[in-house]
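Me: I am new to this structure. Please take a close look at one sheet and what packs on it, then set that part in the whole chain.

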Amino acid sequence: MVIRPPSMLARCPYNHRLNPLGSYINALLCLGTKSISSVKVVWRKDPKLDEAIENDKRYKVCARVVKEVLNEPGQVIPLRYLEKRRQRLRINWTIKTFLDRNPGIFDVYYDRIKPKTQAVKFLRASDRLREFLEEEKRIYAENEALLVAKLCKLLLMSKHKVISADKLVHVKREFGFPTDFMVSLVPRYPQYLRLAGSPGEGKSFLELVDWEPEFAKSVIEKRAEEESRLTGIRMRPNFVVKLPRGFFLKKEMREWTRDWIDLEYISPYADASHLDQASPEMEKRMVGVLHELLSLSLFKRIPVPILGKFTEDYRFSNSFSSVFTRHSGIFYMSLKGGIETAVLREAYNDGQLIDRDPLLEIKDKFVEILEKGWRERAERDRSNTAKVEEEMMMRALATAEAD
């Protein structure tokens, strides 16, 4: 079910296109006396979107282990050291079982931790993994312009066009930035980006010094421009509200949603310093920022605690997470794995991600080597099972002949 609002002009007596004051009165009349904070929507589980998150679980565990090994000196680690880090890496099996279930990622070899000590098992990247790492470099290089644009956009939406470098490093996986982007990417674009302050926890900041006009266009604004180009009709930028199958809003909430959507769209890149924090317009702007952040992310979803780290930077209210259930036709709040995750509904169709970021090619390549290892393990298991069955049959025949 997609809600596309009719013109507010057909319902309200004030022409907001001709009279700015009328626009404000119009909004008050249409929204009525009900405050935003009092609008409640019951959370409802979406199994398809939950499944999309669950399907990535195995890939993410493997990615965490790979990162752990590659961050070690010489990119090797004693197996027993990695075993001690299982809880932090959120691995539910022993490392030996993990390696058995995911063959082809690492090579196991023996070496000494210290001279004259007994040799122990070490892990290092396999040739297959090293080929992937070269592919990863190529994909990053091909999409460097996209990476720079994403960084500039994140800064451009912020209150002062500056964000703590530590915060940006913390969300690098959500947006697809390379591990070392602060030293490998940022210094090459001084026309846009400047790293200020001293290195250290919370003491360095990435500042936007200039930007291209295209950076200041949201996904929604670009979509409206494209629709206008294709139809020849000027399209108004706004959200697409897509309710899941079988989900219905009560009449009061349907009317509130319709009237809220019909408020003028506020670009997440526009100056919002004049907006009252409790106004419908500020909620419209906040939803726009969250929509844009999710649109810029790799999987069009971000854990809510991570978004919460940017509350001050993006002028979110302290209760910003209620937006995801209040606007359940735009977002979905997943509780999968005990973590609240905000998902952009329009990016998915029947649980499948359709709005794919070009940087997802890296994930696809990594999954390819994982799946190759999984197939090899399955073939090995089938071969071992066949051998056992053959041996059992031979023993049965030998026993029968002896009798």
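Reply: Here is the sheet, followed by two helices and the chain as a whole.

The model is a predicted one. Start with the open sheet of 3 strands. Its strands come in the order 5-7-6, and their pairing is antiparallel. Strand 5 covers residues 162-164, and strand 6 covers residues 193-197. These two are the edge strands, each pairing on one side only. From one strand to the next, the twist averages 25 degrees.

Now look at one pairing in detail. Strand 7 spans residues 204-208. Strand 7 and strand 5 pair in the antiparallel sense, over 3 bridges. One residue pair to find is Ser164 and Phe205: Phe205, in strand 7, is the bridge partner of Ser164.

Next comes a helix on this sheet. Helix 8, residues 144-156, lies across strand 5, strand 6 and strand 7. Helix 8 runs at about 95 degrees to strand 7.

Then turn to another helix, helix 14. It takes in residues 280-296, which is 17 residues. From first C-alpha to last, helix 14 reaches 24 Å, close to the 24 Å expected at 1.5 Å a residue. Helix 14 is mostly covered, with 17 of its 17 residues buried.

Finally, step back to the chain. It holds 17 helices and 13 strands. Of its 403 residues, 45% are buried. Among contacts with a separation of 6 or more, 65% join residues 24 or more positions apart. The chain exposes about 22,600 Å², and carbon and sulfur atoms supply 53% of that area.

Technical notes
Residues are numbered from 1 along each chain as its sequence is written. This is a predicted model: local features need pLDDT of at least 70, side-chain atom pairs count only at pLDDT 80 or more; totals for chains, interfaces and linings use all residues. Side-chain values use heavy atoms; hydrogens and water are left out. Two strands pair if DSSP finds at least two bridges between them. Helices (H or I, at least four residues) and strands (E, at least two) are DSSP runs, numbered from the N terminus. Axes are lines fitted to C-alpha atoms, for helices over the stretch in contact, and angles run from 0 to 180 degrees between N-to-C directions. Contact means heavy atoms within 4.5 Å. The expected span of a helix is 1.5 Å times one less than its number of residues. Buried means under 20% relative accessible area, exposed over 50%, partly exposed in between (1.4 Å probe, protein chains only). Accessible areas come from the Shrake-Rupley method with a 1.4 Å probe; for residues, only the protein chains shown count as cover.
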